[in-house]
Structure formats: C-alpha cells, structure tokens
Amino acid sequence: MLQALSISNLTKTYANNMKALSSVNLSVEQGDFFALLGSNGAGKTTMIGIICSLLNQTSGEVLVLGKDQTKHLNEVKRMIGLMPQEFNFNPFEPVEEILVNQAGYYGIDRSSAKAQAEILLKRMELWDKRLDMAKSLSGGMKRRLMLARALIHQPKILILDEPSAGVDVEIRRSMWKFLRELNDQGMTIILTTHYLEEAESLCRNIAILDKGKIVEQTSMKKLLARVSQQVLILESTEQLPDILPALDFKIERLDAYSIQVSLNDVNISQALIALSENKIEIEHVRSAQNRLETLFLRLTSKAG
Amino acid sequence: MWIAYKTIVVKEILRFTRIWVQTIFPPIITTSLYLLIFGGLMGERIGDMQGVDYLHFIIPGIILMTVIQNSYANTVSSFFLAKFNNSIEELLISPVSYWVILLGYISGGIVRGFVVGLGVFIAVSFFVELQIYNIWIVLMTFLLTAILFSLAGFINAVFAKSFDDISIVPTFILMPMTYLGGMFYSVEILPEFWQTLSKFNPIYYMVDSFRMGFLGSSTTDLLVSMLVLTTMIMVLAIVAFYLLKKGVNIKT
Ligand SMILES: Nc1ncnc2c1ncn2[C@@H]1O[C@H](COP(=O)(O)OP(=O)(O)O)[C@@H](O)[C@H]1O
Ligand SMILES: [Mg+2]
C-alpha cells in the first residue's frame, strides 16, 4: 500500500554545524495514528519542518503519498496540515481571519472558507472568540486555533508538533477525542511528543528519535508487550536468608531486607504466597519504576 | 493563484487600515502642515522656481515623498513583522508561489502609498488651488515610484534582523536621497557637478516626472525617467524574488 509518508536518508545539518538529523529512515502508513517520540532536542521539530517545507534538508528524500516533495511541492503542501510547536500567527489578526486567510493561500474562496471556519471554530469552542485578536486568547485556545488552521484546507495528513504543550488536562482530553475521530474518518495523524502517556493512549505505531537518529520503529502493541513484565521491589519484615529460593520468577537481592522480582506470568499475590511458603514475609511492595519510562531511557541511552 | 493573491492584498490593506492612527493619519497631517507652512509662508520669500511660485513647485515633490516613505514603510514593517512573529510560515507551508507573495506585499505597499498620497493631495487642495497638467503622467509616476519603494522595503525586511534594521535604511539612505533628489529645488539651480550627480539618484527622475504631470515642465526627458524607473524596478524585483526563493533569513 502507498505510504502516507516515507522518508529516506534524511539528514539536516544547521549552519552552526549542529547535526539535527542523521540519515533518518521512517515510514508511516495511510490512516495511521503515529507517534514520533523523543526528548527535547532530539530533532522532532526539525524533521517536521523539512516535511512541511519550512526548512531545507541537507540531503535525503521525503515522499508524501508517493509524491516526491521536491518535484511536486505544491501537491505535497496541499496534502499536509501542520499544527506547529510554537505560535506562528499574527497576534494582531482576528481569529476567524487567520483561518479564512490561510484557506485563501490554498486557493479556497472566501465564502467556502468562512463556512469551513465556522465548523472548525465551533468544534474548537472558539466561535465566540472569532472576532477577537488572536493575542487575547489563552494558551490552550491559541493551540486550538492552530489546530483549526491546520485543518482548514482538509488535508489528508495532519502533523502535530507537541500538541499538548501548555494545554490543561480537560482540554487535552477533548482534543484527544477529536483527534481520534479524525483518525477514524481516515485521516493520517502524526504527532510528536516527549510525553509517553500521550503516545500510549493515542497512537498505533511509534518511532523513537534520539539525537537525530531513529532508535526504534515499532507498533505500540509490541512496545508495550516488551514492557508487560512487572518489576517490583519487595521489602521483608526480617532479614532475608543467605540463599534465596528458586521460584517461577526471577528474584534478585537488593540488600539485607529487600529483593527485586520480575513477574511475567505470575501475579503479585501468587508471588507473595510462594515467598511466604519459603519463610519470606513481605510487608511492603512498590513498583521499581515506570515501565515505559524505563524502556524509553534504555533505548535512548543506547544510542548515545 | 488569484485567490491567494487577493487574500494577501486584502490582509495587507486590513493590516494598515486597522492601525490607521499610526499609518495613515500622521503622514497626511504632518505633510500637509509642512507644505502649508514651508511652501506657503516661506515660499513667498523664495520666489518662483521652474517658472511657477514656490508653493506649487514643491507640492508634487512632497506628495511623492509621502508616497515613497509610506510604500517603503508598509512592506518593510509588514514583512519584517511576519518574520518576527513567524506568521510568514503560514505562507511558506501553503502552495503559494514566490511571485504571488511578492506581488501581494508590493500591492499592499502601492495601496498604502496611494491612500496617503491622495490624502495629502485632498488635504492640501482645501487650501491651495491645485492644477494637474496630465493625470496619466501623475498616475504612472506614482505607480512606478510606489512599486520601486515597496520592493526596496521588502528587500530591507528580508535582511533585517531587528527593529533597528528597519529604520536605518529609511533614515540614513532614503531621507537624504529624497532631499537631494530635487524635492525642494529645481536641479537647474545647482552647480554643474551637483547636477550631474543628481542624475544618479533615481528619486530625481520620479520627482521630475511627477512634477511634469502636475506643472507641465521638467528638467529631463519623461521617457528617460520612465526607462530609469522601469529598469530599476526590474532589477529590484529579480533581487527580491531571488532572496525569497533562496529563503534568505526565512528558511534555514
Ligand atoms: N535554527 C537552528 N539552528 C541551529 N540549531 C538548531 C536550530 N533549530 C534547532 N536546532 C538544534 O537542533 C536540535 C534539534 O532541535 P529540534 O528539532 O527543535 O528538537 P525537538 O523538536 O525534538 O525538541 C537541537 O539540538 C537544537 O538545538
Ligand atoms: Mg520540538
């Protein structure tokens, strides 16, 4: 099947010799909900800038729905909608005009643009603010304005650069709901985040970018399966025996009173019973670390 | 294409009309006062120039100066601000060609120059009886001047990295050039050397043909003036297009 986005050997070196992307290969299927995960400075915004013609690549190729970006620039631009990380509208322009003007740049006439803007502004709960200057909006409203603007020309692929930054929890939830609806209707959505929970709850496929390199591209399911193992720290009431019993799960001694267990098929209460049968009484249980977080850290430090 | 162009022009016009207290009103008031006090009161002592009384002599030059300043100011500040608040990205991600972007901004500058120039003309005509020798020469010269300085303002904005950079050129280059371009005097009264030097100043040709349109007398051939201006416009247009296409200070 035709890929929504296919990037090969993409490299970007900034003027100050900062290599923000090195030979990145990435592909996103049509209809996917895709997360590009990476910590600050990983190169996410740079990659998006190149896809959206805001930056020039040093080398490499970008295909959007099979079209080479450099050869079919305008066609490619029409297929993409971008909600950028930083505010990039004229703060002295009224909200509705920002949308109608953006539509105009895509060749959409004023009356159709106004109709489309009305739908989007109502959906984003900005309709009451349509005549206000953009600078009078709150941070969350400004983000929603940029989301509406990204959708004004009805793109096939929506790209969101850190959509949740500065958006409060309630609005974040309703934005997520809206994005899921768009994806259900067939829109390919690519978002960047450094925020695992967001990727986990929204996305089907994921790539992890670290220091300008893709260190992992897989499905969310597979990634989560790798972390389904539960790692717990158990503290005993008494000093532990010198030799730990051999059980169906892995046990490691941490100190005289505590052990770390890794549970796959066994659940916690079975584990506690087994330990008790071996005269180890546990009084306190805690999780070793956030599972995804641990994996993420492992993957990204590997590359460094 | 046409819709995108129209969108940019309307946006540009709305931008400066929204802040008309800063963009339209002051130049009209100051220029008109300037004309009446300087030309009206002092002019009587200066006497005739190029065969007309001094007040009537300086009116075309001063209207043109307003056009120059306002066309320039419009594109330089609008395009610089678009870079500054990153709203230029709205255009860069869209399928708008560089020619359309350039034409849109230039048209905005022309309209601003026209509005302010016409404003001064109307304001002055309340006090002075103005005659126009040939309206087509007036309009043609206005148009070429406005295009030329809108382009210059655009190029200035491309290079500008701070707010200071958008006022340096107007203050240190544009103003002296305007004053030395025969705005207040006929170059005929200058010594030979300065007369020759004036011919290298494009503003001399604009002022001369603009004055021709109003008064019917000039110091150089109208056709030469038009040719000089058209050539300069073509050169600046190519430079501006190239800068935009290259993404100088816009795309890294
Ligand atoms: N215009 C620029 N000039 C030089 N270096 C830059 C520029 N923009 C970004 N960088 C650098 O490139 C790297 C990647 O940045 P970015 O793509 O913004 O990362 P992310 O979006 O993942 O946080 C960072 O080290 C950043 O400092
Ligand atoms: Mg970023």
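Leaving aside neighbours within four places in sequence, with which residues is Asn90(A) in contact? In this predicted model, the contacts of Asn90(A) are Ile98(A) and Ala134(A) together with Asn85(B) and Ser87(B) of the second chain. Asn90(A) is placed in the loop that runs between β6 and α3 of chain A. With a relative accessibility of 14%, Asn90(A) counts as buried because this value is under 20%. A polar atom of the Asn90(A) side chain lies 2.9 Å from the backbone nitrogen of Phe92(A). Asp68(A) is 22 residues from Asn90(A) along the chain, and the C-alpha atoms of the two are separated by 31 Å.

The loop between β6 (80–83) and α3 (95–105) of chain A also holds Gln85(A). The magnesium ion (ligand 2) is coordinated by OE1 of Gln85(A) and OG1 of Thr45(A), at 1.9 to 2.2 Å. Thr45(A) belongs to helix α1 (residues 44–51) of chain A, so the pair ties together parts that are 40 residues apart in sequence. Both donor residues are partly exposed, Thr45(A) with a relative accessible area of 38% and Gln85(A) with 23%.

Helix α1 of chain A also contains Lys44(A). The side chain of Lys44(A) meets that of Glu162(A) in a salt bridge, at 3.6 Å from N to O. Glu162(A) is in the loop between β7 (157–161) and α6 (169–184) of chain A, so this salt bridge ties together parts 118 residues apart in sequence. Lys44(A) counts as buried at 4% relative accessibility, and Glu162(A) is likewise buried, with a relative accessible area of 8%.

Over all chains, 13 salt bridges are found in the structure. Among them, Lys177(A) pairs with Glu181(A), the closest N and O atoms being 3.8 Å apart. Lys177(A) and Glu181(A) are both in helix α6 of chain A, four residues apart, about one turn of the helix. At 29% relative accessibility, Glu181(A) is partly exposed. A further salt bridge joins Arg286(A) to Glu235(A), with 3.7 Å between the closest N and O atoms. This pair links distant parts of the chain, with Arg286(A) in strand β14 (residues 282–287) and Glu235(A) in strand β11 (residues 230–236) of chain A, 51 residues apart. Arg286(A) is partly exposed at a relative accessible area of 40%, as is Glu235(A) at 25%. Arg123(A), Lys177(A) and Glu181(A) are joined into one network by salt bridges that share partners.

Between chain B and chain A, about 2,400 Å² is buried, 52% of it on carbon and sulfur atoms. On the chain B side, Glu90(B), Ile93(B) and Pro95(B) lose the most area to chain A, together 29% of what that side buries. The contact takes 31 residues from chain A and 20 residues from chain B. Two salt bridges are found across the interface; one of the residues in a salt bridge with chain A is Glu90(B), whose partner is Arg149(A), with the closest N and O atoms 2.8 Å apart. The interface has 12 residue pairs in polar contact, both residues at pLDDT 80 or more. At least two residues of the chain B side come from each of α1 (2–18) and α5 (88–92), and α1(B) gives the largest share, seven residues. By class, the chain B side has nine nonpolar, six polar and five charged residues.

Methods. Residues numbered from 1 in each chain as written. Chains lettered and ligands numbered in written order. Predicted model: local features only at pLDDT ≥ 70, side-chain atom pairs only at ≥ 80, totals over all residues. Heavy atoms only, no water. Contact = heavy atoms within 4.5 Å. Buried area = accessible area lost by both parts, 1.4 Å probe. Salt bridge = Lys/Arg side-chain N within 4 Å of Asp/Glu carboxyl O. Polar contact = N/O pair within 3.5 Å; in protein donor to acceptor, adjacent residues only side chain to side chain. Nonpolar A, V, L, I, M, F, W, Y, C, P; charged D, E, K, R; others polar. Donors = N, O, S within 2.8 Å, 3.2 Å for Na, K, Ca; no water. Buried < 20%, exposed > 50% of the residue type's maximum accessible area, 1.4 Å probe, protein only.
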